[in-house]
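Me: I have a structure to get through before class. Can you walk me through it?
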Protein chains: 2
Amino acid sequence: MEKQEFKSRIYNELSALTKAMSNPFRLQIIDLLAQGSRTVEEIAGQLSISIANTSQHLQVLKSANLVTVYKQGHYAHYRVASDEVVRSWHSLRDLGINRLAEIDRTLRQFREERESFESISIDELLQKIEQGNVMILDVRPQKEFAAGHITGARSIPIDQLAQRLAELSGEKETVVYCRGPFCVFADDAVQMLTQRGIPSRRLEEGFPDWKIRNLPVTALI
Amino acid sequence: MEKQEFKSRIYNELSALTKAMSNPFRLQIIDLLAQGSRTVEEIAGQLSISIANTSQHLQVLKSANLVTVYKQGHYAHYRVASDEVVRSWHSLRDLGINRLAEIDRTLRQFREERESFESISIDELLQKIEQGNVMILDVRPQKEFAAGHITGARSIPIDQLAQRLAELSGEKETVVYCRGPFCVFADDAVQMLTQRGIPSRRLEEGFPDWKIRNLPVTALI
DNA sequence: TATTTATTCAATAAATCTATTGAATGATTG
DNA sequence: CAATCATTCAATAGATTTATTGAATAAATA
């Protein structure tokens with residue numbers, strides 16, 4: 001094999017892989033599947049796009065070996081092909097968060113409107129856990145909490161939070177987390193808690209970040 | 001800001017960032033700039049494409065904040081905007097190497113043709129260095145060696161290696177490295193050494209991988 | 001076996017990406 | 001100040017990507 005052909009083959013393949021990721025909906029799909037497997041219907045609902053379109057995007061991801069599928073009953077369940085896919089996605093995501101002014105501006109604006117001014121990183125949370133003075137609140141849907149959550153976290157899905165605020169004393173500082181830095185559940189929760197005088201901050205990252213770092217995780221059977 | 005708009009903004013930005021990387025030539029440019037800054041002319045020469053086309057690709061990378069430029073005399077010098085860019089590129093690169101059968105096949109075929117069957121990882125090299133029985137050979141051009149190399153490595157640029165084989169005794173095992181897993185200098189060197197009965201293997205990764213891990217590096221003034 | 005249901009496929013037009021060409025720019029040099 | 005030189009810009013045609021639509025498929029259910 002000629003050197004020229006070797007390089008062109010390699011970089012063409014890598015470009016195809018990158019191209020498969022380089023679409024806003026497909027990035028959202030990867031981010032969603034980092035939580036766990038999902039059916040086509042669930043993904044389409046989450047992204048608010050048509051089933052046919054979702055299916056096509058999934059075919060692209062599958063041809064690039066970024067996701068795999070297994071069928072069960074009527075449904076096709078998609079999942080990420082490996083943790084490495086999530087790692088690459090997080091690497092791009094963090095590059096964007098740290099270096100794109102427009103993303104920083106959007107995040108800031110969105111959170112300031114919700115009075116969620118300050119976030120806390122996983123590393124900072126780990127310190128607080130060691131000190132023992134923190135309450136970790138998982139506001140994702142019950143199913144996702146059951147599939148896996150930060151060990152020691154308490155579950156109050158965001159759509160139940162308003163009615164269940166009394167359960168939260170506010171003795172300890174509350175750290176709220178959800179699916180990731182672009183998941184809005186935690187921001188909504190912080191807004192709600194702040195308005196009731198319960199001091200809280202959102203976790204900058206999400207559950208997949210915690211899990212992929214092999215930090216302690218609990219699943220309900 | 002509506003949630004819908006928030007997500008669409010964020011993922012559109014991230015998709016644009018990813019799209020800026022998703023072209024074979026632009027990936028080659030990033031890989032090259034991971035070595036250090038280069039002029040437009042040098043990049044074009046390396047990729048064997050026209051200056052105008054190179055310039056256009058560089059504009060794309062620049063708009064995405066992946067590279068920066070500074071002018072000196074007649075020349076525009078481009079460099080990666082931060083180490084994080086290199087990290088993301090490596091993450092994608094390794095995802096491809098580990099999960100795309102076609103890349104694995106191409107790498108294998110190319111190296112087998114050069115009798116470079118086995119490579120050694122940075123982690124394995126570190127162990128060997130500790131044991132003290134390894135000779136590290138840098139076969140990149142002199143300039144790149146001068147700009148920074150693995151501390152303790154010896155420099156014989158690939159185009160001088162044939163004449164200077166006598167300098168290599170073969171007492172210790174030789175590990176050859178160059179720019180990265182797709183750099184062919186090291187494979188050529190291993191082929192040459194193997195044919196002369198000097199046992200050698202190539203380093204799987206390259207100098208940028210070593211440097212980005214903050215392992216010991218030496219530069220010549 | 002016929003029907004239902006989730007998903008995939010195929011065709012299409014609009015938008016975007018790409019390499020090429022040759023001219024324009026603008027800083028440095030003589 | 002004119003000439004030189006590296007780089008960028010602009011225009012363009014061909015290729016690829018995208019969302020939409022409606023039909024096709026194939027497994028499960030009645």
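Reply: Below we go through the two chains, the DNA, two residues and two sheets.

Me: Fine. What should I know before starting?

Reply: This is a predicted model, in which local features need pLDDT of at least 70, side-chain atom pairs count only at pLDDT 80 or more, and totals for chains, interfaces and linings use all residues. Residues are numbered from 1 along each chain as its sequence is written, chains are lettered from A and ligands numbered from 1 in the order in which they are written, and side-chain values use heavy atoms, with hydrogens and water left out.

Me: OK. How is chain B related to chain A?

Reply: A turn of 180 degrees with a shift of 0.0 Å along the axis lays chain B on chain A, and the RMSD is 0.0 Å. That is the relation of a two-fold axis. Both copies use the same surface, since 100% of the contact residues of chain B recur in chain A. Contact here means heavy atoms within 4.5 Å. The superposition is by least squares on the C-alpha atoms of residues with pLDDT of at least 70 in both copies.

Me: Now the DNA. Which residues come nearest to strand C?

Reply: There are 22 residues around DNA strand C, and S55(A), Y78(A), F25(B), Q56(B) and H57(B) come nearest. A residue is near a strand if one of its heavy atoms lies within 4 Å of it. Of the atoms of DNA strand C that come within 4 Å of the protein, sugar and phosphate account for 67%.

Me: What lies by the phosphate oxygens of DNA strand C?

Reply: Y78(A) has a polar side-chain atom 2.5 Å from a phosphate oxygen of that strand. N23(B) also places a polar side-chain atom by a phosphate oxygen of DNA strand C, at 3.2 Å. For A76(A) it is a polar backbone atom, 3.2 Å from a phosphate oxygen of DNA strand C. A polar contact is a pair of N or O atoms within 3.5 Å; within protein, one must be able to donate a hydrogen and the other to accept it, and residues adjacent in sequence count only if both atoms are side-chain atoms.

Me: Which element gives the largest share of that surface near DNA strand C?

Reply: That is α4(A), with 5 residues. Helices (H or I, at least four residues) and strands (E, at least two) are DSSP runs, numbered from the N terminus. By class, the surface near DNA strand C has 8 nonpolar, 11 polar and 3 charged residues. Ala, Val, Leu, Ile, Met, Phe, Trp, Tyr, Cys and Pro count as nonpolar, Asp, Glu, Lys and Arg as charged, and the others, Gly among them, as polar.

Me: And how many residues surround DNA strand D?

Reply: DNA strand D has 21 residues around it, with Q56(A), H57(A), E41(B), S55(B) and Y78(B) the closest. Q56(A) has a polar side-chain atom 2.7 Å from a base oxygen of DNA strand D. A polar backbone atom of E41(B) is 3.1 Å from a phosphate oxygen of DNA strand D.

Me: Change of topic. Is Y177(B) buried or exposed?

Reply: Y177(B) counts as buried because its relative accessibility is 0%. Buried means under 20% relative accessible area, exposed over 50%, and partly exposed in between (1.4 Å probe, protein chains only). Y177(B) is in strand β8 of chain B, and its side chain makes a polar contact with the side chain of D138(B) at 2.5 Å.

Me: What about R179(B), where is it?

Reply: R179(B) is in the loop between β8 (173-177) and α10 (185-195) of chain B. R179(B) is buried too, at 11% relative accessibility. The side chains of R179(B) and Q46(B) make a polar contact of 3.0 Å.

Me: Last thing, the sheets. What is the order of the 3 strands in the open sheet of chain A?

Reply: The order is β1-β3-β2, with antiparallel pairing. β1 (38-39) and β2 (67-72) of chain A are at the edges with a single partner strand each, so one side of each has no neighbour in the sheet. Two strands pair if DSSP finds at least two bridges between them, and 6 bridges join β2(A) to β3(A).

Me: And the open sheet of 5 strands in chain A? What is its order?

Reply: That order is β4-β9-β8-β5-β7, and the pairing is parallel. β4(A) pairs with β9 (residues 200-203) of chain A over 2 bridges, and I120(A) stands opposite L203(A) in β9(A).
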